[in-house]
Amino acid sequence: MTNKQRSYTSLDDTLEKMVRLLKSHRSEYISGEELGRSLGLSRAAVWKNVKKLQSLGYKINSKQKSGYRLTAKTSMMLPWEISDGLQTETIGRKIYYFDAIDSTQIFALKLAARPYENGSIVIAKRQTRGKGRQDRKWASPSGGIWLSILLKPNFQVSQVSLFPMLTSLALAISIEKTLKLRPKLKWPNDVTLNNKKVAGILVDASVESNQIDYLIIGIGINFRVKPGAINKIAKTSKNFYGAATLVGKKSDDDPIAFLQAFLFELEQLYNKVIANNLRGIKNDWEKRSSTIGKNVIVSSTSGKIKGRAVGIDDDGALLVSSKGKVQRLLVGDISQI
Ligand code: BT5
């Protein structure tokens, strides 16, 4: 199998169990025999799996007569590494990982038809056809966190607009907590650092009569990317205003710890929505907003509106005061004037 085709799910049992055993013996060597016995593998198969783990970035020492010892874990966002220490109940229960994929959004769409996929995550090291809203392009080189979350909430259609708000707020909170940065939120779905885009969100919804059938939240996070490389790819798009990276190339911030924190915050907020506690979410979003209080132009397929952004509604709609009236906008792109 080439690197490009590698994919894993959280149900990749042997590798996952082997990592768990190696982790529980970190201070000592574990013999090939013991590994084999615990995993039901021959010594040769143990060796093959150790090689596989090494190719995934795990540092494993092997010593004749003593066996194997894990000296460093991988920074690849493998399903069992994301699960290890993940404090959520629904989001991330199942995880699908790809080295390369066209778009995690497209794969999640295929999962949506299957049962037992509520909360499943699709994550890729890089995407070859990453999507933004309205089929715009999303530059997705390796170093970023590109993921889709499949949810089947028992909500009404009117609640779809909550999800960009929830997700961008969860991103901001987890960035603050784990990386000690102060990001801003740009309506409807951007997270920015120094006025440059560091993450974007896309929500694909399937609805049946007035109910949500499923939602796929696509989240693109420039975790450790070269902004210059993204600028090169995205600069020709009309709405591009510059890309930022969350952490620098040489930082040792762990993308897995960051992702776990984000999924946790998102589930907390999601539970608040289920409990109908929307006011706190709206206030927390507004506090971090770079949009509210500014004169803006909001462009959408139905035209342009010029006015002052005065707030957001409980459902995430932008409130724009224009010509003496306050209008509620659910979609659009903002530019400040
Ligand atoms: C978004 O759209 O911001 C939604 C991005 C969602 C991407 C995720 S990655 C995982 C999942 N799988 C997918 O295929 N997609 C989702 P929008 O608000 O329409 O912004 C798109 C615009 O952002 C582009 O037209 C560019 O101007 C700019 N852009 C593209 N790539 C960028 C990047 N990596 N960083 C910053 N800006 C970028």
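Two strands count as paired here if DSSP finds at least two bridges between them, and the elements themselves are DSSP runs numbered from the N terminus: helices are H or I with at least four residues, strands are E with at least two. With that in hand, take strand 6 (residues 145-151) and strand 10 (residues 211-221), which pair in the antiparallel sense over seven bridges. Leu-147 is a handy place to look, since it stands opposite Ile-219 in strand 10.

A quick word on what you're looking at: this is a predicted model, where local features need pLDDT of at least 70, side-chain atom pairs count only at pLDDT 80 or more, and totals for chains, interfaces and linings use all residues. Residues are numbered from 1 along each chain as its sequence is written, and side-chain values use heavy atoms, with hydrogens and water left out.

Now zoom out from that strand pair. Strands 6 and 10 belong to an open sheet of eight strands, ordered 1-4-5-6-10-9-8-7, with mixed pairing. At the edges sit strand 1 (7-9) and strand 7 (184-186), each pairing on one side only. Ignoring direction, neighbouring strands in this sheet are turned by 20° against each other on average; angles run from 0 to 180 degrees between N-to-C directions, and axes are lines fitted to C-alpha atoms, for helices over the stretch in contact.

Next, the helices. The axes of helix 1 (residues 13-24) and helix 2 (residues 32-39) come within 11 Å and cross at roughly 135°. That makes helix 1 oblique to helix 2; the bins are under 35 degrees for roughly parallel, over 145 for roughly antiparallel, 65 to 115 for roughly perpendicular, and oblique for the rest. On the helix 1 side, Thr-14, Lys-17, Met-18, Leu-21 and Leu-22 meet Leu-35, Ser-38 and Leu-39 of helix 2, where contact means heavy atoms within 4.5 Å.

Helix 1 also meets helix 3 (residues 43-55): their axes come within 11 Å and cross at roughly 85°. These two helices are therefore roughly perpendicular to each other. Thr-14, Leu-15, Met-18, Val-19 and Leu-22 of helix 1 make this contact with Val-46, Asn-49, Val-50, Lys-52 and Leu-53 of helix 3.

What about charged pairs? A salt bridge is a side-chain nitrogen of Lys or Arg within 4 Å of a carboxyl oxygen of Asp or Glu, and by this rule the count comes to 19. One worth finding joins the side chains of Lys-94 and Glu-117, at 3.2 Å from N to O. Lys-94 lies in the loop between helix 4 (79-83) and strand 4 (95-101) and Glu-117 in the loop between helix 5 (104-111) and strand 5 (121-127), so the pair ties together parts that are 23 residues apart in sequence.

Finally, head along the chain to another open sheet, where five strands run in the order 14-13-12-11-15 with antiparallel pairing. Strand 14 (325-329) and strand 15 (333-336) stand at its edges with a single partner strand each, so one side of each has no neighbour in the sheet. The twist averages 45° from one strand to the next.

Within this sheet, strand 11 (residues 295-300) and strand 12 (residues 303-312) pair over six bridges, and a hairpin joins them through two residues. Val-296 has Gly-307 in strand 12 as its bridge partner. Strand 12 then forms a hairpin with strand 13, with five residues between them, and Gly-316 in the turn has a positive phi of about 95°. Strand 13 is joined to strand 14 by five bridges, with Leu-319 opposite Arg-328 in strand 14.
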